[in-house]
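Trainee: Could you walk me through reading side-chain contacts and helix packing in a model like this one?

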Amino acid sequence: MIETTVIPPHLRWRCRRGMRELDVLLSRWLESSYLTASEQSQRDFEALLGREDDEVWDWMMGRAQPPQELTAIVAAVCSQHESDQSHS
């Protein structure tokens, strides 16, 4: 795991997307899971942030399959969202 106790500010900025719903999904995972995630998951999340909004949204909504290397992080972000929804 990357040794850090503070979320890098550039990641908060990169979670800001052109779509509010995507902002919420990505920002919630960043705030709740990033610091405790494995180094691989952290790298995968950063790679996910480098992708286009429309493809990320389609992956999150289950309309398309993400590339194999991003499958786990997409599932983690979706799972975090589902967990948040069940607690509201």
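**Reading contacts and packing**

Mentor: Gladly, and let's begin with a single residue: E55 has a relative accessibility of 24%, so E55 counts as partly exposed. Keep in mind throughout that this is a predicted model.

Trainee: Thanks! Which residue does E55 meet in a salt bridge?

Mentor: The general idea comes first: side chains of opposite charge can pair when their charged atoms come close. Here the partner of E55 is R51, with 3.0 Å from N to O. R51 is partly exposed too, at a relative accessible area of 28%.

Trainee: How many salt bridges does the count come to?

Mentor: There are five salt bridges by this rule. One of them joins E31 to R12 at 2.8 Å, N to O. That pair links distant parts of the chain, since E31 sits in helix α2 and R12 in helix α1 (residues 9-14), 19 residues apart. Both ends are partly exposed: E31 has 45% relative accessibility, and R12 has 37%.

Trainee: And D53 with R17: are these two residues buried or exposed?

Mentor: Both D53 and R17 are buried. Their side chains form a salt bridge with an N to O distance of 2.6 Å. D53 belongs to helix α4 (residues 53-60) while R17 is in the loop between α1 and α2, so this salt bridge ties together parts that are 36 residues apart in sequence.

Trainee: Let's move on to aromatic rings. How should I describe a pair of them?

Mentor: A pair of aromatic rings is described by the distance of the centres and the angle of the planes. In this model the count comes to three aromatic pairs. Take Y34 and F45: their ring centres are 6.3 Å apart and the planes stand at 55°, so the pair is tilted. The angle falls short of edge-to-face because that label needs planes over 60 degrees apart.

Trainee: Where do Y34 and F45 lie?

Mentor: Y34 is in the loop between α2 (20-33) and α3 (39-49), and F45 is in helix α3, so the pair connects parts 11 residues apart in sequence. Both are buried: Y34 has a relative accessible area of 3%, and F45 has 0%. W29 joins Y34 and F45 in one aromatic cluster.

Trainee: You mentioned α2 and α3. At what angle do their axes cross?

Mentor: The axes cross at roughly 160° and come within 12 Å. That makes the two helices, α2 and α3, roughly antiparallel. As for handedness, α2 passes α3 in a left-handed crossing.

Trainee: Is there a residue in α3 that shows how sequence separation and spatial distance can be read together?

Mentor: Try Q40, which is found in helix α3. Q40 and I73 are 33 residues apart in sequence, and their C-alpha atoms are 9.4 Å apart in space. Q40 itself is partly exposed, with a relative accessible area of 42%.

Trainee: One last feature. How many disulfides does a search of the whole structure find?

Mentor: A disulfide is a covalent bond between the sulfur atoms of two cysteines. The search finds zero disulfides in the whole structure. You can still read the surroundings of individual cysteines: C15 is buried at 0% relative accessible area, and C78 also counts as buried, at 17%.

Trainee: Why does C78 count as buried at 17%?

Mentor: C78 counts as buried because its 17% relative accessibility falls in the buried range, which is under 20%.

Key. Residues are numbered from 1 along each chain as its sequence is written. This is a predicted model: local features need pLDDT of at least 70, side-chain atom pairs count only at pLDDT 80 or more; totals for chains, interfaces and linings use all residues. Side-chain values use heavy atoms; hydrogens and water are left out. A disulfide is a pair of cysteine sulfur atoms within 2.5 Å. Buried means under 20% relative accessible area, exposed over 50%, partly exposed in between (1.4 Å probe, protein chains only). Rings of Phe, Tyr and Trp (its six-membered ring) pair if their centres lie within 6.5 Å; planes under 30 degrees apart count as stacked, over 60 as edge-to-face and the rest as tilted. Helices (H or I, at least four residues) and strands (E, at least two) are DSSP runs, numbered from the N terminus. A salt bridge is a side-chain nitrogen of Lys or Arg within 4 Å of a carboxyl oxygen of Asp or Glu. Axes are lines fitted to C-alpha atoms, for helices over the stretch in contact, and angles run from 0 to 180 degrees between N-to-C directions. Angles under 35 degrees count as roughly parallel, over 145 as roughly antiparallel, 65 to 115 as roughly perpendicular and the rest as oblique. A crossing is left-handed if the near helix is turned anticlockwise from the far one by less than a right angle, and right-handed if clockwise.
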